[in-house]
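Below are some notes on the model you sent, set out point by point. They begin with one residue and its surroundings and then move to the helix packing and the core.

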Amino acid sequence: MINIPKMKFPQKYTEIIKRYKDSPPEEKAKLEDEFIKAINDKESKFYSPILANTNEYELRAMLKLIPSLIDTG
């Protein structure tokens, strides 16, 4: 098995990803909705012009994949 090095994210993203990773499925759906709203809200600390142009399905897929790729410790 190949050992893929984990990426480091800024603290503001790591906190929500930790919450997402440790949540039950019902909570994950709620967090996905909140994260997508925050990415699209220009007043939010999570706003990103690049991510705001991404569609909702791609953002959900990204959020599901990220916990396995980053170091949340």
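1. Ala 61 sits in helix 4. This is a predicted model, and in it Ala 61 has a relative accessibility of 44%, so it counts as partly exposed; the cut-off for buried is under 20% and that for exposed is over 50%.

2. Ala 61 can be placed relative to Glu 32. The two residues are 29 positions apart in sequence, and their C-alpha atoms lie 9.7 Å apart in space.

3. Glu 32 belongs to helix 2. Is Glu 32 buried or exposed? Its relative accessible area is 7%, so Glu 32 is buried, given a limit of under 20%. Leaving aside residues up to four places away in sequence, Glu 32 touches Tyr 20, Arg 60, Leu 63 and Lys 64.

4. Glu 32 also appears in two helix contacts. It is one of the helix 2 residues that meet helix 4, and it is among the helix 2 residues in the contact with helix 1.

5. On the pairing of helix 2 with helix 4: helix 2 covers residues 25–40 and helix 4 covers residues 56–65, and their axes come within 10 Å and cross at roughly 120°. Roughly perpendicular ends at 115 degrees and roughly antiparallel starts over 145, so the two helices are oblique to each other. The crossing of helix 2 with helix 4 is right-handed.

6. The helix 2 side of that contact consists of Ala 29, Glu 32, Asp 33, Phe 35, Ile 36 and Ile 39, and the helix 4 side of Glu 56, Leu 59, Arg 60, Met 62, Leu 63 and Lys 64. Sorted by class, the contact of helix 2 with helix 4 holds seven nonpolar and five charged residues, with no polar ones.

7. On the pairing of helix 1 with helix 2: the axes come within 9 Å, with a crossing angle of roughly 155°. Helix 1 is therefore roughly antiparallel to helix 2, the threshold being over 145 degrees. Helix 1 passes helix 2 in a left-handed crossing.

8. Helix 1 brings Tyr 13, Ile 16, Arg 19, Tyr 20 and Lys 21 to this contact, and helix 2 brings Lys 28, Leu 31, Glu 32, Glu 34 and Phe 35. The contact of helix 1 with helix 2 divides into five nonpolar and five charged residues, again with no polar ones.

9. Helix 1 spans residues 11–21, and its buried residues are Tyr 13, Thr 14, Ile 16, Ile 17 and Tyr 20. Helix 2 and helix 4 are among the elements that cover them.

10. How many residues does the largest nonpolar core have? It has 15, and those with the most contacts inside it are Ile 16, Ile 17, Phe 35, Ile 39, Phe 46 and Leu 59. At least two residues of this core come from each of helix 1, helix 2 and helix 4. Helix 2 gives the most, with five residues.

11. For the chain overall, there are four helices and zero strands, in the order α-α-α-α along the sequence. Of the 73 residues in the protein chain, 32% are buried. Among contacts with a separation of 6 or more, 57% join residues 24 or more positions apart.

Note on methods
Residues numbered from 1 in each chain as written. Predicted model: local features only at pLDDT ≥ 70, side-chain atom pairs only at ≥ 80, totals over all residues. Heavy atoms only, no water. Axes fitted to C-alpha atoms, helices over the stretch in contact; angles between N-to-C directions. Parallel < 35°, antiparallel > 145°, perpendicular 65-115°, else oblique. Left-handed = near helix turned anticlockwise from the far one by under 90°. Contact = heavy atoms within 4.5 Å. Nonpolar A, V, L, I, M, F, W, Y, C, P; charged D, E, K, R; others polar. Buried < 20%, exposed > 50% of the residue type's maximum accessible area, 1.4 Å probe, protein only. Core = buried A, V, L, I, M, F, W, Y, C linked by side-chain atoms within 4.5 Å.
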